[in-house]
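Work through the exercises below with the sequence and the coordinates open. Try each task before you read its solution.

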Amino acid sequence: MLCPNCQNEILPHEKFCTRCGMPIRRESAAAKRFKALCKAVLYVLVFLIVQSVVSGAYSAALTVQTMLNNGGIFDESDMEAILENVMANLSLITLISAVLTILVLALLFALRRKNLFTEASIRPVPISTLLICAAMGTAFNIVISITIGFLPLPESWLLGLEEQYSYLGEGSSLILEILSTVVLTGFVEEVVFRGLVDSRLKRAFPKGIVILISCILFGVCHGTPIAILYAAVVGILFSLLTWRYDSILPSVTAHMFFNLTSFWLVSENDILLLGLYFISIAVMIVTLYVLFRKPAAANNDNQ
């Protein structure tokens, strides 16, 4: 465990911190697990609440404006117009939510005299590793997206997934969409789920349980059944990357390029898609082998 005052490593038999002298009160295993789980859920709730507040405030502002323009009258057609407006500006809403999430989390840690980036395991990683993660994230999206088309899934699930991401590439500003959906979403979700959730859970749970809880939380935050399933699978890989390199930068990079791939992976040519599918499987195998082949590779690269 770590000293709550100076973050010094405390050995199991020590009753005082050897650095600052603070008395150490040891919690039971059950209390540690409960505390870690509560913290993990709290960070996810902050993430979800900020998103809900921003989208709710935007919708409320549109509703008030519509009622003022219509002399206080508000009908079903006005509601449909507001929903269309929200979907058309979803990238802007996502961008604002991401920025506010980081600011709220930074404020929470600042009040506790801690640094968000340090707490979220944002540590330097070799550029070569990040480039490999970018290739892996791109290939992973292609493999998952095409594999979904092969599976005998309910049509309602497929329609739900298509509707959920129908806004990609349809907005007025592609740069805004990439900035919000790729850069900020990839960064913020990794800070929350791999940086904060995983790091808190691993203080009380073994690695396998941490990754399981983390991927479930990550999955359920993605809405539709298919999105929940593939987000959970992707979450497992991102957590493994974070454990492997003791930094969220590899998972951030993979996440960003995973999201970026959704903007251009559109084709009606089945032969082209099939060729891309097998190439991506090969890229995934090679990149995963390189990323995970040596447990001490990250430390050696940084020395």
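Helices (H or I, at least four residues) and strands (E, at least two) are DSSP runs, numbered from the N terminus. This is a predicted model: local features need pLDDT of at least 70, side-chain atom pairs count only at pLDDT 80 or more, and totals for chains, interfaces and linings use all residues. Residues are numbered from 1 along each chain as its sequence is written, and side-chain values use heavy atoms, with hydrogens and water left out.

**Exercise 1. Fold inventory**

Task: State how many helices and strands the chain has, and what share of its residues is buried.

Solution.
Step 1. Count the secondary structure: the chain has 12 helices and zero strands.
Step 2. Write the order along the sequence: α-α-α-α-α-α-α-α-α-α-α-α.
Step 3. Apply the burial classes. Buried means under 20% relative accessible area, exposed over 50%, and partly exposed in between (1.4 Å probe, protein chains only).
Step 4. Read off the share: 41% of the 303 residues are buried.

**Exercise 2. Two loop residues with positive phi**

Task: Locate S121 and R113, and decide for each whether the residue is buried or exposed.

Solution.
Step 1. Place S121: the residue sits in the loop between α4 and α5.
Step 2. Check its backbone. S121 is not a glycine, yet its phi is positive, about 60°.
Step 3. Classify S121: its relative accessibility is 8%, so the residue counts as buried.
Step 4. Place R113: the loop between α3 (90–111) and α4 holds this residue.
Step 5. Check the backbone of R113. Its phi is near 60°, again positive in a residue other than glycine.
Step 6. Classify R113: with a relative accessible area of 81%, this residue is exposed.

**Exercise 3. Salt bridges**

Task: Find how many salt bridges the model has, and describe the pairs R203 with E119, D246 with R123, and R194 with E190.

Solution.
Step 1. Fix the rule: a salt bridge is a side-chain nitrogen of Lys or Arg within 4 Å of a carboxyl oxygen of Asp or Glu.
Step 2. Count. The rule gives four salt bridges.
Step 3. Take R203 and E119, whose side chains meet at 4.0 Å, N to O. R203 lies in the loop between α7 (174–201) and α8 (207–220) and E119 in helix α4 (residues 116–119), so the pair ties together parts 84 residues apart in sequence.
Step 4. Classify the two ends. R203 is partly exposed at 44% relative accessible area, while E119 is buried at 14%.
Step 5. Widen the view: E119, R200 and R203 are linked in a network of salt bridges.
Step 6. Take D246 and R123, with closest N and O atoms 3.3 Å apart. D246 is in the loop between α9 (225–245) and α10 (249–264), and R123 is in the loop between α4 and α5 (127–150), so this bridge joins parts 123 residues apart in sequence.
Step 7. Classify this pair. D246 is partly exposed, at 39%; R123 is partly exposed, at 33%.
Step 8. Take R194 and E190, where the closest N and O atoms are 2.6 Å apart. Both residues lie in helix α7, four residues apart, about one turn of the helix. R194 and E190 are both buried.

**Exercise 4. Cysteines**

Task: State how many disulfides the structure holds, and classify C133 and C215 by accessibility.

Solution.
Step 1. Use the criterion: a disulfide is a pair of cysteine sulfur atoms within 2.5 Å.
Step 2. Apply the criterion. The structure holds zero disulfides.
Step 3. Classify C133: its relative accessibility is 0%, so the residue counts as buried.
Step 4. Classify C215: at 6% relative accessible area, this residue is buried.

**Exercise 5. A contact across the sequence**

Task: Locate L196 and give its separation from L116 in sequence and in space.

Solution.
Step 1. Place L196: the residue is found in helix α7.
Step 2. Classify L196: with a relative accessible area of 0%, the residue is buried.
Step 3. Compare with L116. The two are 80 residues apart in sequence and 9.0 Å apart in space, C-alpha to C-alpha.
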